[in-house]
Each structure stands twice: as C-alpha cells, then as structure tokens.
Amino acid sequence: MTRNSGKEGRLSALLKELPYDSGTVFWYDSVDSTMDAAFSLEEVEDRSIIVADTQTTGRGRKGRRWYSNEGSLACSVVLTRFDIRVPYSMLASYGVYRAFLKHGGTVALKWINDVLWKNGKKISGVIAEERRGRTVIGIGVNLNNRELSREVEGVATSFLKETGRYLDPQLFLRDMAGELFCILDSTERDGIEAVMGEWEKDSGIRGRYVRVVDGSREYAGRAVGIDRKTGALLLETPAGKIQVFEGSMHYR
Ligand code: BTN
C-alpha cells in the first residue's frame, strides 16, 4: 500500500480547477479494496478521493466480487456524513454517466446504479457503504482495459474497447468528481427531486418493460418512473402499482 505522490499531486491540481471543494487525494499502487482503504483512514476530510492502480479483492454489490483488470479505474469518494434518505450510489453513477458524455461516450443509465455502453454492456458499477456516520462511495469504471476478466467478458466492456481511444484516467476522475459534487450540492441545496427527475429523463426508463430480481423475489411490469424522493423504481404490474427499492433490473 504505497502512495504515489506524483499521481496525487496531479489529480489534486486538476480538482482545484473545479468550482467545488474537495478533500485529500490518496493514490495507492495496490489495495485490497478502496472501500476498506477509505474506512481505515483515521481522519479524513469530506470529499476525499481514494484511488488504487490495482485492487486485489474489489467488492461489488450484493457481496459479489469486482474484477479490475489493467486499465480499469477503481476509486472511492468519502463523505463525512450519512443521510439514510439519499441514494448515494445512484447519484454517483449519474455522475459517471455525465462524465462519460463529456468525453463523447455513448452511454446509458440502468437502474439502480449501473452505467452501460449503448450496446447494453456494463462499463461502470457503483456501491455505497456507511460506517459510523461516514459514507464511502465506491466507483469502478472500465476505462482503458484492453481485456475484461473472464468472469464478466460478454456482459461488460471498456471505453477503450468501444472507441479505440485512451482516456486519461486523471481527467476522467476530475470530471466525474465535478459531476458528483455538482449533483451532491444541488441535492443538499434544493432537495433530491430535481436530480431524480433528470435521472428519469436521461435514463429513458419510462414506459419500458422490465424485470427486477431481488434475491428470491421477482417483479415484472412497465416502468412508469422513478420516485422523486427515494429513487425507487415505480412499476405498473398486473397486481397494481408498486415501488421497488432494490434488485437487479433487466429490460424485457
Ligand atoms: C457493482 O457491483 O456494480 C459495484 C461495483 C463497485 C466497484 C468499485 S471499484 C472501487 C470500489 N472498491 C471496491 O472494492 N468496490 C468499488
């Protein structure tokens, strides 16, 4: 777990270009997971960013592994607060989506917190965890991977594979942090409703027929939108209108 002062210095300088405050940059060569690295920091400023060149045991949602091949971006953003009402991972994946648009990516939002390439393959995943009032948002982006891990080949892709273009990870991090901080500020200032409304519009989810699997439960129906307060998926099913809060969503 060695810190790379050169990369930390460059990213810190890039973050200063943003009209938002950010915390400290920690850039490690290798960690087990940037989530654990973030939680193990004794003192940490709000909006600090922890990046790792490699992760040995990256975590995904629902106890799954997250495989970061060479070229992928693994980072965590620390917030020194937690609000149970805020769907942090959904907000962060919206930030990733908007950062990709800035770099010419043809990406799509998938409820709850995935970003897909236009061909339906996953390009980014986000988790959020809370411990003792600290929120850590973990963001994995397949940026410059020449290859994807065997486990996710076929269902995942990278920016480099799709465009043939190398994307400077530091510039992408700056833009992603900028979008995330903008979204968080707007949520804290004006409430979450406006951001959820934009998410719904940008995702194009209204009217699509979907299936959501949450453990042993399964829901199917027509998506009629996103709850403006919680981010829950609003589904019209044969049994009536329901709200779904968790699960893996698939388009039908
Ligand atoms: C998902 O399952 O889609 C979420 C994946 C989140 C992966 C990122 S990579 C950086 C951070 N550190 C981890 O161990 N996981 C998250």
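This is a selection-by-selection tour of one predicted model.

The model is predicted, so local features are reported at pLDDT of at least 70 and side-chain atom pairs only at pLDDT 80 or more, while totals for chains, interfaces and linings use all residues. Residues are numbered from 1 along each chain as its sequence is written, and side-chain values use heavy atoms, with hydrogens and water left out.

**Stop 1: the ligand**

Select the ligand and the residues around it. There are 19 of these residues, where a residue counts as near if one of its heavy atoms lies within 4 Å of the molecule. The closest are Ser33, Gln55, Arg59, Arg61 and Lys122.

Display the polar contacts next (pairs of N or O atoms within 3.5 Å; within protein, one atom must be able to donate a hydrogen and the other to accept it, and residues adjacent in sequence count only if both atoms are side-chain atoms). Serine 33 places a polar side-chain atom 2.7 Å from a ligand oxygen. For arginine 59, a polar backbone atom is 2.7 Å from an oxygen atom of the ligand. Arginine 61 has a backbone N or O atom 2.7 Å from a ligand oxygen. The ligand taken alone exposes 420 Å², and the protein buries 98% of that (Shrake-Rupley areas with a 1.4 Å probe; for residues, only the protein chains shown count as cover).

**Stop 2: aspartate 114 and the loop before it**

From Lys122, listed among the closest residues to the ligand, go to aspartate 114. A polar contact of 3.0 Å links the side chains of aspartate 114 and lysine 122. Aspartate 114 sits in strand β7, residues 114-117; helices (H or I, at least four residues) and strands (E, at least two) are DSSP runs numbered from the N terminus. With a relative accessible area of 8%, aspartate 114 is buried. The classes are buried under 20% relative accessible area, exposed over 50% and partly exposed in between (1.4 Å probe, protein chains only).

Show what touches aspartate 114, with contact meaning heavy atoms within 4.5 Å. Apart from neighbours within four places in sequence, aspartate 114 is in contact with Ser93, Ala108, Leu109, Lys122, Ser124 and Gly125.

Now step back to isoleucine 112, in the loop between β6 and β7. The peptide bond between tryptophan 111 and isoleucine 112 is cis, with omega about 5 degrees.

**Stop 3: tyrosine 88**

Select helix α3, residues 88-102, which contains tyrosine 88. Tyrosine 88 counts as buried at 8% relative accessibility. Beyond the four places on either side in sequence, its contacts include Leu79, Phe82, Thr135 and Leu184. A C-alpha to C-alpha distance of 9.0 Å separates tyrosine 88 from valine 136, which is 48 residues away in sequence.

**Stop 4: helices α5 and α6**

Helix α5 covers residues 169-190, 22 in number, and reaches 31 Å from its first C-alpha to its last. That is close to the 32 Å expected at 1.5 Å a residue, where the expected span is 1.5 Å times one less than the number of residues. Because 16 of its 22 residues are buried, α5 is largely enclosed by the rest of the structure.

At the N-terminal end of α5, aspartate 168 is the cap: a side-chain oxygen lies 2.9 Å from the backbone nitrogen of glutamine 170. After α5 comes glycine 191, with a positive phi near 90 degrees.

Continue to helix α6, residues 193-203, in which Val195, Met196, Gly197, Trp199, Glu200 and Ser203 are buried. Their cover includes α3, β6 (107-110), α5 and β11 (217-226). Glycine 204, just after α6, has a positive phi of about 65 degrees.

**Stop 5: the cysteines**

How many disulfides are there? The count is zero, a disulfide being a pair of cysteine sulfur atoms within 2.5 Å. The sulfur of cysteine 75 is 17 Å from the closest cysteine sulfur, that of cysteine 182, which is too far for a bond. Cysteine 75 is buried at 1% relative accessibility, and cysteine 182 is partly exposed at 25%.

**Stop 6: positive phi outside glycine**

Finish with two loop residues. Lysine 62, between β3 (58-59) and β4 (65-66), has a positive phi of about 55 degrees although it is not a glycine. Lysine 62 is partly exposed at 47% relative accessibility. Arginine 132 lies in the loop between β8 (122-131) and β9 (134-142); its phi is positive, near 45 degrees. At 75% relative accessibility, arginine 132 is exposed.
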